[in-house]
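Work through the exercises below with the sequence and the structure at hand. Try each task before reading its solution.

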Amino acid sequence: MLEWKVFLEQAPSGGMTYLGWLMSGVLWTILVASAAWIIAFTLGSIIGVARTVPVKWIKFPATVYVEIFRNIPLLVQMFLWYFVMPEIVPESIGNWLKTEYPNLITLPFAQFSLWEFTAAVLCLGLYTASRVAEQVRAGIESLPKGQTNAGLAMGFTLPQVYKYVLLPMSYRLIIPPMTSEFLTIFKNSSTALTIGVLELTAQSRQISEYTFKTFEAFTAATLIYIVITLTVIFLMRLLENKLRVPGYVSQGGH
Amino acid sequence: MEGFDWGVIWANRAVLWDGMLLSLKLFVIALAGGIFFGTLLAMARLSSFKILSYPAAGFVNLIRSIPFIMAIFWFYFLTPMLVQKITGQQGEAVGPFTSAIVAFIMVEAAYYSEIIRAGIQSVPRGQPWAAYALGMNYWQAMGFVVLPQAFRNMIPIMLTQAIILFQDTSLVYVVGLKDFLGAASKAGQLSGRIIELYIFVAIVFLIICFGASKLVKVLQNSMDPTRQRAVKKDVTLNGPGLNTSGST
């Protein structure tokens with residue numbers, strides 16, 4: 001009843017088989033998620049630290065950022081970046097984004113342009129940054145206050161306390177929740193299909209629409225997501241073991 | 001920046017309101033169904049019978065490792081087929097809304113089961129033992145002793161998850177349902193004013209979800225006596241030592 005060999009048939013576009021479509025979906029899921037993660041981790045770390053700093057004009061904008069980005073649905077944010085952003089920037093930039101920018105480079109194995117990819121990465125990265133920021137803040141706040149005080153008493157400046165005392169400890173503590181954020185960014189990258197990025201979920205749906213082999217197409221995509229999940233969990237466990245501070249038992253194994 | 005026409009929102013108020021009602025309906029049904037089946041899933045996962053705990057764990061981990069949209073596609077595809085098999089009727093009986101409801105209940109059940117499992121495990125083991133010692137059976141011990149305490153511990157995190165669920169209802173856009181976002185999108189395409197409508201949708205979600213999260217925080221502070229005391233004395237608690245429940 002199931003016909004797995006459907007994946008070996010020639011797909012109607014892109015000069016690939018359906019398996020090729022699926023693999024290009026995997027490629028773009030990984031590329032969107034990874035690029036967005038770089039933004040999310042960098043910006044999220046800065047904002048998360050900013051939220052713990054006892055300086056009002058640093059703390060307040062960071063809090064505003066987090067509240068805005070995590071209280072608007074990701075899908076709505078996707079539309080804001082893709083449809084709304086080019087219209088509210090100065091007209092010359094907007095026109096450039098709509099006409100020239102998409103054709104700057106041709107993306108390999110993709111049936112969409114650079115602009116879709118950029119909007120998806122920006123959206124996902126800035127959204128996830130707010131979630132990463134909360135994890136970083138929670139990690140720093142979970143450390144006993146005595147650590148900061150001890151650092152200050154030793155004559156460290158506040159930036160030094162962060163650099164040598166708080167951050168090395170808290171980043172180790174938050175590896176398990178960061179792992180789930182990292183997994184979430186792979187899953188959330190599927191939202192990009194609404195603006196035309198043909199990532200894994202979109203490709204599996206496209207294959208099902210062309211071949212009517214819905215069960216096979218969805219099963220293949222689901223299995224690939226499971227493999228991605230297991231790989232990430234495995235790698236993060238390795239990282240966690242490698243970075244573990246001897247004698248310090250972190251609670252809540254993942 | 002110039003050339004915005006905010007009148008388009010007022011002109012489409014009926015459509016937008018219908019969309020919001022559909023979002024809210026989906027939210028309430030998915031929340032109730034998700035918590036109900038999530039509780040059953042959590043109990044199955046914690047069961048000592050492997051025939052219950054393995055499939056429950058498998059289902060939860062499967063749902064949690066695929067994107068929400070993928071899950072919606074799956075149930076959108078499977079629900080009409082299953083209903084057809086069970087009732088023997090042709091597939092027309094199941095509309096897109098029903099399929100979306102099934103998808104949301106199943107996905108939320110998986111997410112809630114993880115929260116509820118942690119909640120059940122936060123109740124000290126002595127509580128069910130004491131209930132059994134009093135002659136209660138499993139369902140009585142769960143229903144009268146363990147779950148009431150577990151839910152009490154879980155209320156803040158369950159409400160936070162509910163806010164996330166409310167945001168996630170916008171994902172039904174992918175199967176073409178006219179929820180709040182879908183309605184705005186449609187109205188935007190018809191009137192050529194998509195920018196104003198998307199900004200409006202974003203602001204409405206922001207107000208609702210931000211307000212709700214503030215309320216959750218107030219509730220959390222008012223119902224947790226240990227936390228209040230800790231804050232007042234400015235004691236920094238290190239570790240979950242005081243996190244036991246049971247003080248009524």
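Helices here are DSSP runs of H or I with at least four residues, strands are runs of E with at least two, and both are numbered from the N terminus. The model is predicted.

**Exercise 1. Find the place of A:Phe109 in the chain, look at its phi angle, and decide whether it is buried, partly exposed or exposed.**

Solution.
Step 1. A:Phe109 sits in the loop that runs between helix H4 (91-99) and helix H5 (114-141) of chain A.
Step 2. The phi angle of A:Phe109 is positive, about 55°, although the residue is not a glycine.
Step 3. A residue is buried with 20 or more other C-beta atoms within 10 Å, exposed with 12 or fewer, and partly exposed in between.
Step 4. A:Phe109 has 15 other C-beta atoms within 10 Å, so A:Phe109 is partly exposed.

**Exercise 2. Do the same for A:Phe212: which loop holds it, and is it buried or exposed?**

Solution.
Step 1. A:Phe212 lies in the loop between H9 and H10 of chain A.
Step 2. Its phi is near 60°, a positive value in a residue other than glycine.
Step 3. A:Phe212 has 11 C-beta neighbours inside 10 Å and therefore counts as exposed.

**Exercise 3. Locate A:Val64, classify its exposure, and state how far it is from A:Val227.**

Solution.
Step 1. A:Val64 belongs to helix H2 of chain A.
Step 2. Because 10 C-beta neighbours are found inside 10 Å, A:Val64 counts as exposed.
Step 3. Along the sequence, A:Val64 and A:Val227 are 163 residues apart. In space, the C-alpha to C-alpha distance for this pair is 37 Å.

**Exercise 4. Describe the make-up of each chain: how many helices and strands are there?**

Solution.
Step 1. Chain A has 10 helices and zero strands, and its elements run α-α-α-α-α-α-α-α-α-α from the N terminus on.
Step 2. Chain B has 10 helices and zero strands, in the pattern α-α-α-α-α-α-α-α-α-α along the sequence.
Step 3. Of the 254 residues of chain A, 37% count as buried; for chain B, the figure is 35% of 248 residues.
Step 4. Take the contacts between residues at least 6 apart in sequence. In chain A, 71% of these join residues at least 24 apart, and in chain B, 72% do.
Step 5. Along the principal axes, the C-alpha atoms of chain A fill a box of roughly 70 × 50 × 30 Å.

**Exercise 5. Describe how H6(A) packs on H7(A): what is the angle, and which residues make the contact?**

Solution.
Step 1. Two packed helices are described by the angle between their axes and the distance between the axes.
Step 2. Helix H6 (residues 145-153) and helix H7 (residues 158-173) of chain A pack at about 135°, with their axes 10 Å apart.
Step 3. H6(A) and H7(A) are therefore oblique to each other.
Step 4. The crossing of H6(A) past H7(A) is right-handed.
Step 5. H6(A) contributes A:Gln147, A:Thr148, A:Gly151 and A:Leu152 to the contact, and H7(A) contributes A:Val161, A:Val165 and A:Leu166.
Step 6. Sorted by class, these are four nonpolar, three polar and no charged residues.

**Exercise 6. Repeat the analysis for H7(B) and H9(B): at what angle do their axes cross?**

Solution.
Step 1. The axes of helix H7 (residues 138-168) and helix H9 (residues 194-223) of chain B come within 10 Å and cross at roughly 175°.
Step 2. Angles over 145 degrees count as roughly antiparallel, and H7(B) and H9(B) are therefore roughly antiparallel to each other.
Step 3. Residues in the contact include B:Pro156, B:Leu159 and B:Phe166 of H7(B), and B:Phe205, B:Cys209 and B:Val216 of H9(B).
Step 4. The contact residues divide into nine nonpolar, four polar and no charged.

**Exercise 7. Describe the side of chain A that touches chain B: which helix gives the most to it?**

Solution.
Step 1. 29 residues of chain A are in contact with 28 residues of chain B.
Step 2. On the side of chain A, the elements giving two or more residues are helix H2 (56-70), helix H3 (74-88), helix H9 (200-211) and helix H10 (214-243).
Step 3. H3(A) gives the most, with eight residues.
Step 4. By class, this side has 16 nonpolar, eight polar and five charged residues.
Step 5. Across the interface, B:Tyr198 touches residues including A:Val76, A:Phe79 and A:Phe83.

Notes. Residues are numbered from 1 along each chain as its sequence is written. Chains are lettered from A and ligands numbered from 1 in the order in which they are written. This is a predicted model: local features need pLDDT of at least 70, side-chain atom pairs count only at pLDDT 80 or more; totals for chains, interfaces and linings use all residues. Two residues are in contact if their C-beta atoms, placed from the backbone, lie within 7 Å. Ala, Val, Leu, Ile, Met, Phe, Trp, Tyr, Cys and Pro count as nonpolar, Asp, Glu, Lys and Arg as charged, and the others, Gly among them, as polar. Axes are lines fitted to C-alpha atoms, for helices over the stretch in contact, and angles run from 0 to 180 degrees between N-to-C directions. Angles under 35 degrees count as roughly parallel, over 145 as roughly antiparallel, 65 to 115 as roughly perpendicular and the rest as oblique. A crossing is left-handed if the near helix is turned anticlockwise from the far one by less than a right angle, and right-handed if clockwise. Lists of a residue's contacts leave out its neighbours within four places in sequence.
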